[in-house]
Amino acid sequence: MLEVTGLTAGYHGGTVLHGLDLSVPAGTVHAVVGHNGAGKTTLVHSVAGLMRPGSGTVRLGGRDVTGLPAHRIARAGIGLVPQGRRVFAGLTVAEHLRLSHRPPPSGGASRPSVWTPARVLELLPRLGERRGHRGASLSGGEQQMLALARALLASPSVLLLDEPTEGLAPALVQQVYDLVTTLAGEGIAVLLVSPSPAQAVRCADRLTVLTSGRAVLRSDGDLARADPTALNAALELAPAKA
Ligand SMILES: Nc1ncnc2c1ncn2[C@@H]1O[C@H](COP(=O)(O)OP(=O)(O)O)[C@@H](O)[C@H]1O
Ligand SMILES: [Mg+2]
């Protein structure tokens, strides 16, 4: 469903991603694990159209979307839950939901699952309880749910989750991974990036370890769950950037 080939990307300071290949079939979770500075957000932003790749391709259901502007990539079916959630401090939960609701374009590629505010609130009932509260007064976990809700309301085929459990209490971390599993079960292709191998293995069908913008290890999720030695070793070999 999502297919990235030979992706390079960087900033004026230099290249960050050095020819990355990865694919995420519909209904599966692909976790990219790497230390701070490995290039995870650069990857997610390059796929989402928030920055232009230097070379390589991003395909969505066979359609080449490389280098399209972010709003067109979003309309094509790629949803982003950004690092740090980025909810609006002054808008209520209900306002966020209303503004984010984008029924999929008619005549476009079919979506695995169509989401409405009512359906999102069924999945994330806490947001219903907090419907009148502004972004600034939500807990980290509630903000994360809201960021997820916002992305779902465009009925994506692909979800990009950039460190969705950053700063969350352990009970909420598990809740987020359960949600990720549920969404993959709906047929969504999930690309999740995380600095924590222990967390990423919980829901990943496939894993890629990213070190300095290169895939240094690929693993099957079941294999990594049964024996995380190789996964941990690949990360230990990678120097963490300050
Ligand atoms: N806007 C930017 N301008 C210049 N360099 C950047 C920018 N954003 C990230 N970088 C650099 O790109 C590298 C990868 O960053 P990033 O993709 O944010 O890593 P991660 O998300 O894995 O922590 C780092 O060396 C970082 O300093
Ligand atoms: Mg990041």
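1. A pocket, as the word is used here, is an open set of grid points with protein on both sides within 12 Å along at least five of seven lines, and its lining residues have an atom within 4 Å of a point. The model under discussion is predicted.

2. By that definition, the second largest pocket has 13 lining residues; Arg63, Arg75, Ala76, Ala109 and Arg111 are the ones nearest its centre. Its volume is about 260 Å³. Helix α2 is the main contributor to this lining, with three residues. By class, the lining of the second largest pocket comprises five nonpolar, four polar and four charged residues.

3. The largest pocket holds about 780 Å³. Its lining consists of 27 residues, and nearest the centre are Ala74, Gly79, Leu80, Arg150 and Ala151. At least two lining residues come from each of α1, α2 (70-76), β6 (78-81), α3 (93-100) and α6. The most are given by α2, which supplies five. Of the residues lining the largest pocket, 16 are nonpolar, six polar and five charged. Helix α2 thus gives the most to the lining of the largest pocket and also to that of the second largest pocket.

4. On enclosed space, the search of the whole structure returns one cavity of 30 Å³ or more. The volume of the largest cavity is about 60 Å³. Around it are Gln144, Met145, Leu148, Leu161, Pro164, Val176, Leu179, Val180 and Leu183. Two helices, α6 (140-152) and α7 (170-185), each provide at least two of these residues, and α7 provides the most, with four. The lining of the largest cavity has eight nonpolar residues, one polar residue and no charged ones. Helix α6 therefore deserves attention in two places: it supplies at least two residues to the lining of the largest cavity, and at least two to that of the largest pocket.

5. The sheet is open and has four strands, ordered β2-β1-β4-β5, with antiparallel pairing. Its edges are β2 (14-24) and β5 (63-64), each of which pairs on one side only. Helix α1 (residues 40-48) packs on this sheet and touches β1 (2-11), β2 and β4; the direction of α1 makes about 115 degrees with that of β1. The same helix, α1, supplies at least two residues to the lining of the largest pocket.

6. At one edge of the sheet, β4 (residues 55-60) pairs with β5 in the antiparallel sense over two bridges. In one of the pairs, arginine 59 has aspartate 64 of β5 as its bridge partner.

Definitions and conventions. Residues are numbered from 1 along each chain as its sequence is written. Chains are lettered from A and ligands numbered from 1 in the order in which they are written. This is a predicted model: local features need pLDDT of at least 70, side-chain atom pairs count only at pLDDT 80 or more; totals for chains, interfaces and linings use all residues. Side-chain values use heavy atoms; hydrogens and water are left out. On a 1 Å grid over the protein atoms alone, a cavity is a set of points where a 1.4 Å probe fits but cannot get out, and a pocket is an open set with protein on both sides within 12 Å along at least five of seven lines; lining residues have an atom within 4 Å of a point. Grid points are joined across faces, edges and corners, and a volume is the space filled by probe spheres set on the points. Ala, Val, Leu, Ile, Met, Phe, Trp, Tyr, Cys and Pro count as nonpolar, Asp, Glu, Lys and Arg as charged, and the others, Gly among them, as polar. Two strands pair if DSSP finds at least two bridges between them. Contact means heavy atoms within 4.5 Å. Axes are lines fitted to C-alpha atoms, for helices over the stretch in contact, and angles run from 0 to 180 degrees between N-to-C directions.
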